Amino acid sequence: SQAMRSIGGQFQPTSSVELRNQLRAEFGREFEVIATQNFLVVQPKGRGNRWPKMFEQCHRSFVTYMERRGVKVRQGRFPMVAVVLPDARAMYDEIARLGIDVSRVAGLYANKCNRVMTHDGGAISMIAATVRHEAAHQSAFNCGVHSRVNDTPSWVTEGIGQMFEPDAMSSGRSGTRLVERVNTDSVRQLRDTIDMDDPNEVARWVDRMIRSDDLFRNPTTIHTAYALAWSMMFYLAERDTEAFADVLNFTATRPPFETYRSGQRMIDFERVVGTDVRDFSNQLTRFVASLP
Ligand SMILES: [Zn+2]
């Protein structure tokens, strides 16, 4: 659509065959391009099926998870691109070439070119959680769970990214025990930095998170921001599925190219979630306390 083309002027979907040829030309003879149902995976030659399987599995688990909770999901019209570089160094070079600000060392999702990128230079267990996080962003933007033409609050997008870090969430076992769905790093981060026994303190953080994305921009609060975003989305997903779906369906369909002001973000939150910040924070506090 026009809207897709005009945002940043960067992401221009093309046909699968065209895209595959472009990727071959772009990455050269040392790489292969493997097509799966939903992906074109660029990887160093001879790395087998491990990465293509992992990306496909992440995406399918994401779609199933969302559909079961009433989140509107549409089939992507274009293959998603995942790029596996041979090692961390090659990944940094590629990131620099594309002019992207990097926040995570094990992988990233570049919205403007709709690519997930990672590298194959270490133990997969070390980078898998990050890859699952970034793959969830890609799935969300390609399935219309997030819009490409309006601003979705970061607590919603990053909450989703964090939710899909645990292995069980991205391997089709999300229906298993709650303990396997919990992002344990986020729980630890919350307990280390916020006094979770003090509902007033929790409410102050939640209030700020709903009104603005600034907690994600400040190096002293960024880790807590991710953890809090996770807890807010995970709480809704686990305890108020209807509100979880409403938040995603609402933010995905807001009018395009409109600045999302802080006051409006708060009004929308209280209306869509159906509770005020204080009550929500109290419930969230109890929920986090109940987690392992
Ligand atoms: Zn993220």
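**Exercises on helix α4 and two positive phi angles**

At 53% relative accessibility, F257 counts as exposed in this predicted model. We will come back to F257 in Exercise 2.

**Exercise 1.** Work out which residues of α4 are buried and what covers them.

*Solution.*
- Step 1: Pick out the buried residues. In α4, which spans residues 88-98, these are A90, M91, E94 and I95.
- Step 2: Ask where they sit around the axis. Their arc is only 140 degrees, so they lie on the same side of α4.
- Step 3: Turn to the other side of the helix, where R89 and A96 are exposed.
- Step 4: Look for the cover. Among the elements over the buried residues of α4 are α2 (16-27), β3 (80-85), β4 (107-110) and β5 (115-119).
- Step 5: Check both ends. D87 caps the N-terminal end, with a side-chain oxygen 3.3 Å from the backbone nitrogen of R89. After α4 comes G99, with a positive phi near 65 degrees.

**Exercise 2.** Find where N114 and F257 are placed, and decide for each whether the residue is buried or exposed.

*Solution.*
- Step 1: Recall the usual case. Most residues other than glycine have a negative phi.
- Step 2: Read the angles. N114 is not a glycine, yet has a positive phi of about 55 degrees. F257, also not a glycine, has a positive phi of about 55 degrees.
- Step 3: Locate them. N114 is in the loop between β4 and β5, while F257 is in the loop between α13 (241-252) and α14 (262-273).
- Step 4: Apply the cut-offs, under 20% for buried and over 50% for exposed. N114, at 3% relative accessibility, is therefore buried; F257, at 53%, is exposed.

Methods: Residues numbered from 1 in each chain as written. Predicted model: local features only at pLDDT ≥ 70, side-chain atom pairs only at ≥ 80, totals over all residues. Heavy atoms only, no water. Buried < 20%, exposed > 50% of the residue type's maximum accessible area, 1.4 Å probe, protein only. Helix = DSSP H or I, 4+ residues; strand = E, 2+ residues; numbered from the N terminus. Arc of directions from axis to C-beta. Contact = heavy atoms within 4.5 Å. Polar contact = N/O pair within 3.5 Å; in protein donor to acceptor, adjacent residues only side chain to side chain.
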